[in-house]
Amino acid sequence: MSKNDNQRHNRMPNEDIFDFKEWIFKFLSYWPLLTILIFSSLIIAWLYLRYSIPIYTTSASILIKDEKEGLGSSSNMFEALDLFGGKKIVDNEIEVIQSKSLARQVVENLHLYAPIDVDGRITEQSAYLSCPVRISVLVPDSIRPTDKIFFEYDSLTEKVIIDQKGYDLNKWNNTPYGVLKFYKNKYYNGRLSEMPYYFKLMTVKRATNSIISRITVQSSGKSSTVIDLSINDEIPKRGEDILNELINVYNNAAIEDKNILASNTLQFVEERLRYVVAELDSVEDALQRFKTSNQITDVSTEGQIFLETVSLNDQKIGDINIQLAVLDQIEKYVKQKEGKGSIVPASLGINNPILTTLLEALNQAEIEYDRVKKLVPENHPNAIALSDKIAKLRPDILENLYNQRKNLVASRQELMSSNNRYSSFLRSIPKKERALLDISRQQAIKNNIYTFLLQKREEAAISYASTVADSRIIDRAETIENPISPKRKLIYLIAIMGAIGATVSFVALRDFFSYTIQSREEIEKLTSLPILGEINLDKNGHQLIPMNERGNFIAEQFRHIRTSLGYLGINKSNKRILVTSSISGEGKSFFTSNLGLSLSIANKRVVLLEMDLRKPKLMESFGLKRRAGISDFVIGEKSLEEVITHTNFSNLDIICSGPIPPNPAELLMNEKISNMLNSLEETYDYIIMDLPPIGPVTDAFIVSSLANTAIYLVRYNYSPKKMIRKIDELSKIHNFPNTSIVFNGVEEKKWNKYTNGYYNSEGYGYLDRKK
């Protein structure tokens with residue numbers, strides 16, 4: 001036996017060692033299947049790329065201004081009004097841009113709820129650029145979803161025809177699908193499509209969700225205030241329109257928030273002005289009447305000094321009263337259960353940074369809460385967090401208002417006490433002049449308040465008229481030239497990898513679910529018996545292989561087995577070879593005939609014993625007629641010389657089975673079988689016994705004790721694995737002598753070292769045949 005065979009013999013069966021190189025050769029043996037799958041996959045990939053709609057990425061970017069940017073020369077005025085002191089948070093602005101409210105407004109402005117398409121060869125295609133008209137709905141919320149409403153456009157009459165009825169452009173038309181307006185598409189290139197146009201109506205909610213799912217909004221950097229926007233769309237121009245409109249809607253929303261603050265400030269100032277104007281008119285009328293009735297033109301020098309001194313205190317008291325009024329308005333706003341951003345600017349006469357900061361935080365929290373409520377329900381964690389923040393800010397503001405009011409009231413009391421000290425001076429002034437001083441004093445107070453409110457009103461009006469967004473467009477929407485999907489190289493790569501994966505899966509599953517032997521490696525894993533050799537499948541169907549034919553690969557394989565018999569202990573004293581298998585049809589008779597033929601042409605005298613007394617086939621292999629044989633010899637009807645049949649090949653004889661007996665097993669147990677073998681050993685160099693398979697009958701076990709070696713046939717894609725697992729056990733129990741395995745019926749495949757073993761490189765005539 002060879003060194004490798006001894007190693008396999010000493011190896012324990014069922015060793016599950018994965019041989020990657022061996023597996024690669026096995027995989028390559030299925031190259032026809034792999035080639036077909038790769039070719040088919042590439043065709044499918046090409047068809048997919050041919051008819052799939054490319055998707056393009058459109059991107060834009062905006063800069064979010066902070067509290068130190070973009071206010072120019074009017075920044076001091078805005079700080080005085082405190083309308084624009086709130087610093088924007090980039091993360092919050094990203095959520096605002098992605099909000100459903102803004103996306104819904106984009107859908108309504110661009111009329112994306114009524115897309116127009118045409119049917120292509122495989123899939124429908126958008127007519128966003130190729131259709132001459134666009135469609136809008138009077139009440140988008142009343143849309144009833146419809147599918148494929150076909151229409152035509154008459155360029156001569158400029159009418160849209162639906163169901164053979166014409167509708168004018170730029171007018172609201174009552175149609176079966178709602179009140180619609182058709183207007184010209186500014187992107188139309190003047191060429192009508194050959195396929196009919198049709199439009200669909202979808203709900204605004206569905207169109208909004210479609211946009212949100214395709215838009216990506218993110219910060220360009222961790223510490224950056226630049227926000228990048230992108231959208232994937234099959235029509236690049238439509239993607240650009242959506243992003244540009246989204247930016248416009250976002251800026252308008254920010255401006256609207258600022259205008260609300262400025263409007264509320266103006267409203268507050270106007271209310272105070274109306275009240276002060278009325279009081280000032282009343283005081284001036286009283287002063288005029290007093291001077292006329294008492295014929296007094298002006299106060300004395302001492303009275304003028306008193307008036308100037310007291311007027312300064314009165315002005316301070318007036319400022320305090322305005323601040324108290326502002327505090328009352330702020331307290332009223334804070335105590336509201338649902339604030340809507342209608343905040344009174346804290347700098348309108350009040351210089352308290354803590355209160356200003358608290359009001360800014362409350363205003364920002366309520367605006368954000370109002371936006372979040374449009375996106376998520378009130379029980380959402382984000383909404384709950386903002387609600388808790390607002391609830392915590394209100395007590396802090398109210399406490400600060402209480403302290404502010406307390407300090408202002410104390411200051412007002414002190415100023416009023418100071419004025420009271422001047423009352424004694426009034427007693428020294430004549431009565432008429434004293435009355436004139438009182439009236440003049442009231443006039444000065446009202447006039448100072450009136451001047452202050454006029455100044456604040458003008459500042460608020462200027463800020464209202466010049467409000468700009470807190471963002472600046474860096475890059476308007478622009479589409480990249482190459483589509484992001486489908487990616488041609490990736491699709492082809494996936495097709496090739498898919499074909500390879502399918503082939504690998506097929507090979508693996510075929511091995512896993514196959515119950516028959518598929519390879520030499522499987523035999524080595526299932527049994528510890530050595531493999532004597534392999535015999536390829538003869539596609540020509542020859543029963544006898546032409547051993548002398550040059551380049552015959554199967555003949556070379558039999559020569560290899562013939563050479564290996566010496567390693568099994570076959571010599572002049574051990575001549576008996578038993579051939580069996582698991583089940584019928586594994587090629588015992590074929591192997592026995594050709595092994596005997598191979599030995600005979602090597603000038604060895606060989607006798608073949610057809611000991612399969614149930615289904616004998618050995619004589620048919622040589623084209624000989626059936627005659628007396630082993631059964632006749634055992635029962636004594638024929639002598640040994642009479643049952644020996646000479647074939648057409650020198651040195652090769654056959655003893656056929658003879659008539660099929662009713663009791664083959666008992667016949668083989670007869671002592672004459674042993675005597676026959678002893679007699680044959682004196683004449684022949686090799687005695688090869690063709691016995692039935694061990695699966696269905698026990699004939700081979702009966703004769704096994706008379707043999708010197710046993711050859712077990714295993715056929716490719718035929719022999720069951722479960723029988724191979726039992727070979728070791730049966731060999732030990734029934735004392736099979738010096739057993740080895742021959743792998744028969746192996747299908748030769750290109751690149752297939754896996755099935756052909758090492759014979760491809762050792763067949764002497766193989767290279768000549770390849771040449």
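**Local features of the predicted model**

At a relative accessibility of 36%, N717 counts as partly exposed in this structure, which is a predicted model. N717 lies in the loop that runs between β20 (709-715) and α24 (721-725), and although N717 is not a glycine, its phi is positive, at about 60°. A positive phi, here of about 65°, is also found at Q164, again a residue that is not a glycine. Q164 is placed in the loop between β6 (159-162) and β7 (165-168), and with a relative accessible area of 81% it is classed as exposed. A further backbone feature is the cis peptide bond that joins S485 and P486, for which omega is about -5°; P486 belongs to the loop between β13 (471-479) and α14.

Strand β13, which precedes that loop, also contains S471. S471 counts as buried, because its relative accessibility is 11% and the cut-off for a buried residue is under 20%. The side chain of S471 makes a polar contact, at 2.4 Å, with the side chain of N251. When residues up to four places away in sequence are not counted, S471 touches L63, I64, K65, Y250 and N251, so that N251 appears both among the residues touched and as the partner in the polar contact.

Helix α14 (residues 488-513), for its part, packs with helix α2 (residues 20-28) at an angle of about 105°, the two axes being 10 Å apart. An angle of this value makes α2 roughly perpendicular to α14, since the range from 65 to 115 degrees is counted in that way. On the side of α2 the contact is made by W23, K26 and F27, and on the side of α14 by I500, T503, V504, V507 and D511. Sorted by class, the residues in this contact of α2 with α14 are five nonpolar, one polar and two charged.

An open sheet is formed by three strands in the order β4-β9-β8, with antiparallel pairing. The edges of the sheet are taken by β4 (133-137) and β8 (172-175), each of which has a single partner strand, so that one side of each is left without a neighbour in the sheet. From one strand to the next, the twist averages 40°. In general terms, the strands of a sheet pair through backbone hydrogen bonds, and the pairing may be either parallel or antiparallel. In the present sheet, β4 and strand β9 (residues 178-184) run antiparallel and are joined by five bridges; within this pairing, R134 has Y183 of β9 as its bridge partner.

The edge strand β8 includes N173, which is buried, with a relative accessible area of 11%. The side chain of N173 reaches two backbone oxygens, that of D168 at 3.1 Å and that of K171 at 2.8 Å. Apart from residues up to four places away in sequence, N173 touches Y167, D168, G178, V179, L180 and F182. Among these residues, D168 is therefore both in contact with N173 and the owner of a backbone oxygen that the side chain of N173 reaches, given that the cut-off for such a polar contact is 3.5 Å.

Two further residues come together in space with residues that are distant from them along the chain. I523, found in helix α15 (residues 520-526), has a relative accessibility of 0% and accordingly counts as buried. I523 and I741 are 218 residues apart in sequence, while their C-alpha atoms are 8.9 Å apart in space. I741 is also one of the residues that I523 touches, the others being I517, I531, V714 and F743, when residues up to four places away in sequence are left out of the count.

D685, in turn, is found in the loop between α22 (671-681) and β19 (686-690) and is partly exposed, with a relative accessible area of 30%. The C-alpha atom of D685 is separated by 9.6 Å from that of S600, a residue 85 places away along the chain. Leaving aside neighbours within four places in sequence, D685 is in contact with K575, N603, K604 and R605.

Conventions. Residues are numbered from 1 along each chain as its sequence is written. This is a predicted model: local features need pLDDT of at least 70, side-chain atom pairs count only at pLDDT 80 or more; totals for chains, interfaces and linings use all residues. Side-chain values use heavy atoms; hydrogens and water are left out. Helices (H or I, at least four residues) and strands (E, at least two) are DSSP runs, numbered from the N terminus. Buried means under 20% relative accessible area, exposed over 50%, partly exposed in between (1.4 Å probe, protein chains only). Contact means heavy atoms within 4.5 Å. Two strands pair if DSSP finds at least two bridges between them. Axes are lines fitted to C-alpha atoms, for helices over the stretch in contact, and angles run from 0 to 180 degrees between N-to-C directions. Angles under 35 degrees count as roughly parallel, over 145 as roughly antiparallel, 65 to 115 as roughly perpendicular and the rest as oblique. Ala, Val, Leu, Ile, Met, Phe, Trp, Tyr, Cys and Pro count as nonpolar, Asp, Glu, Lys and Arg as charged, and the others, Gly among them, as polar. A polar contact is a pair of N or O atoms within 3.5 Å; within protein, one must be able to donate a hydrogen and the other to accept it, and residues adjacent in sequence count only if both atoms are side-chain atoms.
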